[in-house]
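Trainee: I'd like a close look at one part of this structure, the stretch with the bonds that might or might not be there. Could you start with the overall picture and then walk me through it, along with a few other spots to compare?

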Amino acid sequence: MPRKDVPGIGEYGGPAGGWGALQAVAKALRGEMSANRTTIMLQVNQPQGFDCPGCAWPDPREGSSFEFCENGAKAVSWEATNKRVTPEFFARHSVSELWEKEDFYLEWEGRLTHPMVYDAATDHYVPISWDDAFRRIGEQLRSLPDPNMAEFYASGRASNESAFLYQLFVREYGTNNFPDCSNMCHEATSVGLPQSIGVGKGTVTLEDFDHCDAIFSFGHNPGTNHPRMLATLREASLRHAPIVVFNPLKERSLERFKSPQSPVEMTLGKAVPIASHYYQVKIGGDAAVLKGMMKTVLAMDAVDHDFVREHTSGFEDLVADLDATSWDEIVDVAGLSRADIEAAGAIYAKAERPIICYGMGITQHRHGTGNVQQLANLLLLRGNIGKEGAGICPLRGHSNVQGDRTVGITEIPSQDFLDALERVFGIEAPREHGHGAVHAVEAMRDGRSKALICLGGNLPTAMPDPQVCYEAMRNLDLSVHIATKLNRSHLMVCKNTFILPCLGRTELDMQETGPQSVTVEDSMSMVHASRGSLPPASELLKSEPAIVAGIAKATLPETKVDWDYLIADYNRIRDAIEAVFPDFDNYNERVRVPRGFRLDIPAGRREWRTASGKANFIVFDSKRQRPLARQDAKDALVLATVRSHDQYNTTIYGKNDRYRGITGRRDVVFVNEADLAERGLEHGDLVDIEAVAECENASEPRIVRNFVAVAFDIARGSVAAYYPEANGLVALANYDRQSGTPSYKSVPVVLRRAASGGKASHVDRQEAEA
């Protein structure tokens, strides 16, 4: 039966990449930058250029002149735009008026140019000098009865240098409250892998992909979230390495890809297949799949017993748990047949050098830490950590989210790190653990925290339970936003709210000793330099290190840190990082080498820095696999929030999602056609989505309304909607108790015909025509 036509919803028949990607690049550059500025793209991810502010996929040792992807071009053009948000803009628009704008249009207005402070009497932001802003912020922070009443958020966009100074300031101030973007994405990795293998990072290098003989992909969509990975997957496919995908949605970039850098593919129309095997696991069923694959390895007697005996502990407990887990249970939770799971397990068992890649489809669950540890278990069974061409590969989001954590942005610092910080700087570092993102919002909601400083990001929009987060922000005494562009968090004003505009990655950072470089760490622990060259968007912009130093000096009159000395020359900041962290030995010398250097990963050489001194098999409690729905929710589905292709985290570049066939709208929910039919619904119907997690209070329903049901190739029992539009369905209390990661991807919901009735009709014509 043919589907009815729905405005803005169709099908995309092409591959990932190809001419569609080139056209999107051209549109992004044409729409944001003047022609003479587009040459900046030749400096993206180049040894003497700047690091893309998008994803954290590493740069190849032998790069090309065009080391950027479609979404990287969007990120760069979004930052290097000619558009400006000036004091005159704020004079024309009250905060209340701006609040009614969509998130896309807030950032679309352009770059911030002046430090601003909110004036409650007029409901407008007004200009303020840097000195006055720093003085007032410092006074507010000093007035708090307890430093633990302040929260210090950090975005993964911050450089190593600014992140290090930020954590130094905050610890001298007296707290370890560091909610950061890691808490919302890969915290399950940071908590789970150290328990398994002794390090919270991946063990593979980009070169390992040249030697692997199988790739297993769990819970990630490279075409949207890390598109440069597609070149690596393409090369593996061309040499016939199996690529085994587990994902609830059929994602075009995991099916086939046409490289814009290949003249043959572009001119002859030949796309390269990516997945050799594509298994549409139910949302939340990954741990069950992994148990099934491990049972298969055991049944095939494919365990590397020498490795297990010499390097691991807990093997017997793992085997006992696998024996006690029935295939019926595995199949029911995974939504896959036993034959499919055994087939995938057999491919793994026969591979000599497999790599397992994973994204937030693994981590953003109530059992995210357990998911990560099951991936490690599978690799350890066959000794696939610590050898060439094999290992575990967490796919990070922001380009320096891993680096920020490496240089100290963490609410749970080690005692050795704090000892080193005290030794180098003579400060007294606080020892009690601080707040991650969820606990920071809870503290603001409850009035236990009264100040929030944000080094980038859009915290309340990114978090679950937006209404709770919004009110928590408005109840503060102080909020400070260090930012390049306007976003929704800036409009949740409180008693004292400041916007401090900073330089972007693309811009020249000139300090007392001359032009400066910063450094970042990618997903594979490579640290490299980044130097912008564009004139700053405003002569009043300051660098992030300079802003952090300005706040620190104003807050800590008796500071023991020579902030002016450090920011005059970022080599001095790197010397300080080296003094605190031994892994950064000869930092300034090594980072001058093109493409940088790799930080030490002990597990990569089979040195296990765990309590047992060995890699640990960790048993997963199967009872934690199922998203828990209320007893009264008999027809519950499980929802995952996902990005569109025109999006990076909370930044919305546009309202199209090309690979999923969506144009000019974001008010959609992707549903299996059979699941729609069971509920008396059809493609194109308007539906209300109600969260029915066990932790929900049924007397206060959590509902998003008037979403368009889109029949899509997604696993039965699973649905997906865009982030952050669907964040209202995720309770603040619905998170992984081990890591604190919100459960954005395991939300029990029910779909009902919209109370308003009717069919989808609206589409953003401006976006559709563009």
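Mentor: Sure, and keep in mind that this is a predicted model. The chain has 30 helices and 31 strands. Its radius of gyration is 25 Å, close to the 27 Å that the globule rule gives for 770 residues, so the chain is as compact as a globular protein of that length. Taken along the principal axes, the C-alpha atoms fill a box of roughly 65 × 65 × 60 Å. Of the 770 residues, 66% are buried. Look at the contacts between residues at least 6 apart in sequence, and you'll find that 80% of them join residues at least 24 apart. As for the surface, the chain exposes about 26,900 Å², and carbon and sulfur atoms supply 50% of that. On the charge side, there are 83 positive and 103 negative side chains, and the centres of those two sets lie 3 Å apart.

Now for the part you asked about. A disulfide is a covalent bond between the sulfur atoms of two cysteines. How many disulfides does the structure hold? The count is zero. Cysteine 181 makes a good test case: its closest cysteine sulfur is in cysteine 185, 5.5 Å away, and that is too far for a bond. To count as a disulfide here, the two sulfur atoms would have to be within 2.5 Å. Seen from the other end, cysteine 185 is in no disulfide either, with the sulfur of cysteine 181 as its nearest cysteine sulfur, at 5.5 Å. Are these two cysteines buried or exposed? Cysteine 181 has 12% relative accessibility, so it counts as buried. Cysteine 185 comes in at 13%, so it is buried as well; the cut-off for that label is under 20%.

Move a little further along the chain and you get to threonine 189, which lies in helix 8, residues 187-197. Its relative accessible area is 0%, so it is buried. What does threonine 189 touch, not counting residues up to four places away in sequence? The list is Pro194, Gly200, Tyr358, Thr363, Val372, Pro394 and Arg396. For a sense of distance across the fold, take valine 750: it is 561 residues from threonine 189 along the chain, and their C-alpha atoms are separated by 30 Å.

Two other buried spots go well with that one. Valine 245 sits in strand 8, residues 243-246, and at 0% relative accessibility it counts as buried. Its C-alpha is 6.1 Å from that of histidine 277, although the two are 32 residues apart along the chain. With neighbours within four places in sequence left aside, valine 245 is in contact with Ser217, Leu254, Ala275, His277, Tyr278 and Tyr279.

Proline 15 belongs to the segment before strand 1 (16-17). At 14% relative accessibility, this proline counts as buried. Where does the chain come back to it? One place is lysine 258, 243 residues away in sequence but 6.2 Å away in space, C-alpha to C-alpha. Beyond the neighbours within four places, the contacts of proline 15 are Arg252, Arg256, Phe257, Lys258, Ala271 and Tyr659.

Last, some backbone details in the loops that you may want to click on. Aspartate 301 has a phi near 50 degrees, a positive value in a residue other than glycine. You'll find aspartate 301 in the loop between helix 13 (286-299) and helix 14 (305-311), and its relative accessible area of 57% makes it exposed. Asparagine 586 also has a positive phi, near 55 degrees, and it isn't a glycine. This asparagine lies in the loop between helix 27 (570-580) and helix 28 (587-591), and at 36% relative accessibility it counts as partly exposed. Then there's the peptide bond from tyrosine 723 to proline 724: it is cis, with omega near 5 degrees. Proline 724 has its place in the loop between strand 30 (718-722) and strand 31 (747-753).

So, back to your request: cysteine 181 and cysteine 185 have their sulfurs 5.5 Å apart, too far for a bond, and the structure holds zero disulfides.

How values were computed:
Residues numbered from 1 in each chain as written. Predicted model: local features only at pLDDT ≥ 70, side-chain atom pairs only at ≥ 80, totals over all residues. Heavy atoms only, no water. Helix = DSSP H or I, 4+ residues; strand = E, 2+ residues; numbered from the N terminus. Rg over C-alpha atoms; globule rule 2.2 N^0.38 Å. Buried < 20%, exposed > 50% of the residue type's maximum accessible area, 1.4 Å probe, protein only. Contact = heavy atoms within 4.5 Å. Areas by Shrake-Rupley, 256 points an atom, 1.4 Å probe, with all protein chains shown as cover. Lys, Arg positive; Asp, Glu negative; His and termini not counted. Charge placed at Lys NZ, Arg CZ, Asp CG, Glu CD.
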